[in-house]
Amino acid sequence: MKRSRVNEIMRAADDFIRSFGTVLPPFAYWTPDEFKARKETARGVIDARLGWDITDYGAGDFDRLGLFLFTARNGNQADLARGKGMLYAEKIMISRQDQISPMHRHNIKAEDIINRGGGTLVIELFMPDAEGGIDEKAEVTVPTDGVIRKLPAGGKLELAPGESVTLLPGVWHAFWGEGADVLIGEVSTVNDDLTDNIFREPIGRFAAIEEDEAPLHLLVADYDAWLK
């Protein structure tokens with residue numbers, strides 16, 4: 001993705017999020033120079049990989065295959081292993097109309113996916129087989145706002161604004177907005193985007209950035225290069 005496109009998506013996403021009465025935390029708006037100047041006092045942001053995350057999954061077609069994410073808070077794996085401490089994470093996401101977030105699962109993370117407003121959020125679901133692959137036959141059982149829903153393998157769960165689903169580790173899912181762009185909330189156990197995303201197809205989790213202009217704000221994927 002070109003950096004100019006990433007900057008454009010950031011501006012549009014901020015406007016969309018604000019239209020639902022939500023404002024991102026202050027560090028979201030730091031310039032790269034401000035981030036560099038604050039990096040010693042912002043280790044919690046950097047180490048937890050909080051912030052902007054815009055991906056086309058390496059396919060180069062964000063409008064068709066992509067997702068906007070902003071990680072607002074995140075615990076750490078050590079706390080999760082100990083069973084106490086900050087065991088949770090929160091993301092704000094935007095799934096554009098007909099924009100696919102591809103089929104994947106998580107080994108560790110359990111997550112609530114919440115339609116915070118906009119169109120209908122459609123989630124295609126499969127249960128895992130004994131080896132962790134996709135079970136093409138097994139019925140899918142998921143809690144939606146505390147109510148159990150059952151769907152056939154590959155069933156499409158539709159969430160209207162205000163509705164949510166709980167996805168436990170191993171459950172395969174892909175999703176997209178229908179009718180309009182969708183503001184999504186994600187509340188989960190500790191998030192690890194480096195190792196805990198298992199995709200059905202051999203695709204990348206992060207976008208390759210072509211630097212055609214200066215970054216408006218740093219992406220999480222920029223931290224290693226920009227904040228050493």
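1. Rings of Phe, Tyr and Trp, the last through its six-membered ring, count as a pair when their centres lie within 6.5 Å. With that in hand, a search of the whole structure, which is a predicted model, finds 8 aromatic pairs. Two of them are worth a look together.

2. Start with Phe 16 and Phe 20, an edge-to-face pair with 5.1 Å centre to centre and 75° between the planes. Is Phe 20 buried or exposed? Neither label fits: Phe 20 counts as partly exposed because its relative accessibility is 34%, and that class lies between under 20% for buried and over 50% for exposed.

3. Next, please turn to Phe 27 and Phe 70. Their rings are stacked, 5.7 Å centre to centre with 25° between the planes. This pair links distant parts of the chain: Phe 27 sits in the loop between α1 and α2 (32-38), while Phe 70 belongs to strand β2, 43 residues apart. Both residues are buried.

4. The same two residues, Phe 27 and Phe 70, also join Trp 30, Phe 35, Trp 52, Phe 68 and Tyr 223 in one aromatic cluster. If you are colouring the model as you read, this is a handy set to pick out.

5. Now for the largest nonpolar core, which has 31 residues. Which of them touch the most other members? They are Phe 35, Trp 52, Ile 54, Phe 68 and Tyr 223. Two or more residues come from each of α1 (3-18), α3 (43-47), β1 (51-55), β2 (67-74) and β3 (88-95). Helix α1 provides the largest share, 6 residues.

6. Ile 54 shows how this core is knitted together. Leaving aside neighbours within four places in sequence, Ile 54 is in contact with Met 1, Val 6, Ile 9, Met 10, Phe 62, Leu 67, Phe 68, Ala 207 and Leu 219. There is also a second, separate core of 21 residues, and Ile 123, Val 140, Val 171 and Phe 175 are among them.

7. Ser 95 deserves a point of its own. This serine lies in strand β3 and counts as buried because its relative accessible area is 0%. A polar atom of the Ser 95 side chain lies 3.3 Å from the backbone nitrogen of Gly 177. Not counting residues up to four places away in sequence, Ser 95 touches Leu 67, Leu 121, Phe 175, Trp 176, Gly 177, Asp 181, Val 182 and Ile 184.

8. One last detail: Arg 205 lies over the face of Phe 206, 4.8 Å from the ring centre.

How values were computed. Residues are numbered from 1 along each chain as its sequence is written. This is a predicted model: local features need pLDDT of at least 70, side-chain atom pairs count only at pLDDT 80 or more; totals for chains, interfaces and linings use all residues. Side-chain values use heavy atoms; hydrogens and water are left out. A nonpolar core is a set of buried Ala, Val, Leu, Ile, Met, Phe, Trp, Tyr and Cys residues joined through side-chain atoms within 4.5 Å. Buried means under 20% relative accessible area, exposed over 50%, partly exposed in between (1.4 Å probe, protein chains only). Helices (H or I, at least four residues) and strands (E, at least two) are DSSP runs, numbered from the N terminus. Contact means heavy atoms within 4.5 Å. A polar contact is a pair of N or O atoms within 3.5 Å; within protein, one must be able to donate a hydrogen and the other to accept it, and residues adjacent in sequence count only if both atoms are side-chain atoms. Rings of Phe, Tyr and Trp (its six-membered ring) pair if their centres lie within 6.5 Å; planes under 30 degrees apart count as stacked, over 60 as edge-to-face and the rest as tilted. A charge sits over a ring if NZ of Lys or CZ of Arg is within 6 Å of the ring centre and within 35 degrees of the ring normal.
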